[in-house]
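Dear colleague,

Please find the structure we discussed handed over below. My notes on it follow, and I would be grateful for your reading of them.

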Amino acid sequence: MTLMSYRQAIHDTLRAEMLRDENVMLMGEEIGVFEGSYKITAGLLAEFGEKRVRDTPIAEEGFTGAAIGAAMLGLRPVVELMTINFSLIAIDQIVNHAAKIYGMFGGQAKVPMVIRTPGGGGQQLGATHSQNIELYYAFVPGLKVVAPSTPADAKALMLAAIRDDDPVLFLENLALYNTKGEVPDHDEPAVIGKAKVTREGSHLTLIGYSRMAYVAKKIADQLADTDGLDIEVIDLCSLRPLDRATIVESVKKTSCAVVVEDDWLTYGIGAEVAATISDGAFDYLDAPVRRVAMAEVPMPYAKSLETAAIPSEDDVIKAIYETLNAVGFRRSKTGPHD
Amino acid sequence: MIDITMPRLSDTMEEGTIATWHKQVGDTVKVGDILCEIESDKATMEYEAYDAGTLAEIVVPAGQLVAIGTLIARLDNGKDSPTKPKAAAAAPVTAAPVAEAAPAPLPTSSAPAVTDAQSGVVASPLVRRLARERNLDLSGVQGSGPGGRIIRADLDKALPTHITEPARGAAMPMASGPLVDEKRGSQEIPFTSVRRVIARRLGESARSIPHFYVTASADAEALVTLRGQLNDRLAELGRTKVSINDLLVRACALALREHPLVNASFVSDNSATMLVHGRVNVGIAVASPNGLVVPVVTDADVKSVEEIGVEAKDLVKQASTKGLSIDQMSGGTFTISNLGMFGVEEFTAIINPPEGAILAVGGTKKEAVVVNDEIQIRHVMRYTLSADHRIIDGALAAQFLQTLGRLIENPVSLIL
């Protein structure tokens, strides 16, 4: 195990995969000479050369399409879209080509590519640069969408994404890049489509992915210390395929759930999770599933408004307590605050 | 329009019968007017109006048994109310056909599910599933979730006392049918509220409490003599006489004070504690016209035998005229059941939950007894303590009976 940042874990995994398989190559804006807007590709141009680390024009549709073609012909391109907001320029390539070529043409060509892209608001980047629109891709059959929340998962999921024969959207998060964690030294890819129970508990199931999975774990640990709560936390890890079994299993145990997400509430990932619970664990629910999500506004630029729009830890804690109250839960008498 | 529903008049009440309507449709109702009398599991009580208006509709006629929360009448207060789901007036609890085939997973034939669906019981899906699986009636359960939703915690609280298993479970003989003899006829007698509660509570007690029984006898010669002397004096003074049972209530109260762990209750399987009661409230099992009732002599350990006698006589009289209030039957910590007057020698009783023990007392009669190696004719009393083994061990029960025997054989301490 090695302690490293989320950023470092992605960097090291890309490098290791390039060393392992010469078909792995990188494409994106400013990833070479400038070493990437978020320095994920630092040093890779120097090490692997222009053929395998390609700086592209500011034309997401073009280079995403080029990567799809390269993948069809046997390479394993890893495309960096500077933020998920810019994927909107490439959405036709992603949704209508990458996702559909294998199925539409009778399996003649696979598209084994990875689209790396960070989401995340809270950086005062304004409404067009602060969106979390992974849902648009999680919606589409033919794509896989993974969203690691820890350095270890970033490594394992990146290994899995590069080695997968389907196009995988790999969701990173600006707020997670500097978070640190132990990363296994071995070369074990994750199973795409498998969620993780990052904390076992019996009182309530708290579900999130990406940054919110990190926040959920933190809050659950904190409430265990301060309030004696025993919250189970699920990190979805993968939005498509969605690991419905793990969600249902947990709610069958706890009888109540709160879903937290960094995107908008309406039609969101949380809605899909809530529907999954309703389908699979209806007869085990003691309270309605609660969702905590972003305010339904284009992200404001003003810092105070931006902060207000993003789901806060207090919002999550409030939803947890409202749900626990709804199932008649009384605070433990053993907590240090009592 | 105001909906008037069957109220919960005691903490064990699940359903009630309208005994009589004091107001008729069209009558003007003032706040505090008596609308009707309701017979609960324990008593008949007057139901006063909380709102003024005109009685617009009587939904549940006199004589009908319905679950608490069921709409029984509507009061027109001159204001329109938003349409509420019309409630389970159509689902009187007793109306379910008794000879229905046994397993009833579908709501159609099971009384609780009908109530559930029709009276708009609000319950979480989890609670509904548990109710379905265990064949529980949710109509008597108070919901503590948002909007009165019945949640899992309510179920845990209510079990086992507030939730009934309908008498038509798969294993119940009623379901098999042939019990009804066609030639000589079997009569279906509707349960009274009291009978229903006896059936449920004692069934629960026998099923869930690990009873054990300790029998002893005492030489009651001195007790009988003392009672005679006491009653001669009381008669001279024109005061109420005391019975052997009154002396026994006092004796038990003193023995309980000496052995407080017998004056205790098992709380629940999940509880880390048992309850030891500070007060000594002795219940007296009384055969009322409607069945067994247990009025309680509170603080029997600090009352004189005469006080106990006056109080007990009054309670028994009220019980036989059906006039006991819920208060008079609440709070017991121990019960005495005496069948001596029927010539019974000895018997065992079922614990009256949540109490920890009950004393079953046989008759006091003359026997040939060996005293100082001589056969003498003495009054002997036999009694059996049933105890909850979860909180009371055999040795404790035996010690309690030892103390009780000592008090009976030296009865002067009962009047000191």
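I begin in chain A, where A:V78 has A:V114 of strand 5 as its bridge partner. Please bear in mind throughout that this is a predicted model.

The pairing of A:V78 belongs to a wider arrangement: strand 4 (residues 76–80) of chain A is joined to strand 5 of chain A by three bridges, and the two run parallel. Strand 5 of chain A is also joined, by six bridges and again in parallel, to strand 7 (residues 168–173) of chain A. Within that second pairing, A:G119 has A:N173 as its bridge partner. Six of the six residues of strand 5 (residues 114–119) of chain A are buried, so the strand is largely enclosed by the rest of the structure. Burial affects both of its faces, with A:V114, A:R116 and A:P118 on one side and A:I115, A:T117 and A:G119 on the other.

As to confidence, the average pLDDT of chain A is 95, and 97% of its residues score at least 70. Residues 332–338 of chain A are a stretch with pLDDT below 50, although they have ten contacts in the model beyond near neighbours in sequence. Where pLDDT is low, the predicted coordinates should not be read in detail.

The contact between the chains draws ten residues from chain A and eleven residues from chain B. On the chain A side, six of these are nonpolar, two polar and two charged.

Turning to chain B, its secondary structure comprises nine helices and 18 strands. Of its 416 residues, 40% are buried. Among contacts in chain B between residues at least 6 apart in sequence, 63% link residues at least 24 apart.

Four strands of chain B form an open antiparallel sheet in the order 1-8-6-3. Strand 1 (2–5) and strand 3 (28–29) of chain B are at the edges with a single partner strand each, so one side of each has no neighbour in the sheet. Strand 1 of chain B is joined by four bridges to strand 8 (residues 71–76) of chain B, and B:D3 stands opposite B:R74 of strand 8.

Lastly, helix 8 (residues 394–409) of chain B has 16 residues and reaches 22 Å from first to last C-alpha, close to the 22 Å expected. Its buried residues are B:A397, B:F400, B:L401, B:L404, B:L407 and B:I408. These cover an arc of only 120° around the axis and therefore lie on the same side of helix 8 of chain B. They pack against strand 9 (211–219), helix 5 (221–237), helix 6 (244–258), strand 18 (374–388) and helix 9 (412–415) of chain B.

With kind regards

Methods. Residues numbered from 1 in each chain as written. Chains lettered and ligands numbered in written order. Predicted model: local features only at pLDDT ≥ 70, side-chain atom pairs only at ≥ 80, totals over all residues. Expected span 1.5 Å × (residues − 1). Buried ≥ 20, exposed ≤ 12 C-beta atoms within 10 Å, placed from the backbone. Arc of directions from axis to C-beta. Contact = placed C-beta atoms within 7 Å. Nonpolar A, V, L, I, M, F, W, Y, C, P; charged D, E, K, R; others polar. pLDDT = per-residue confidence, 0-100. Pairing = 2+ DSSP bridges.
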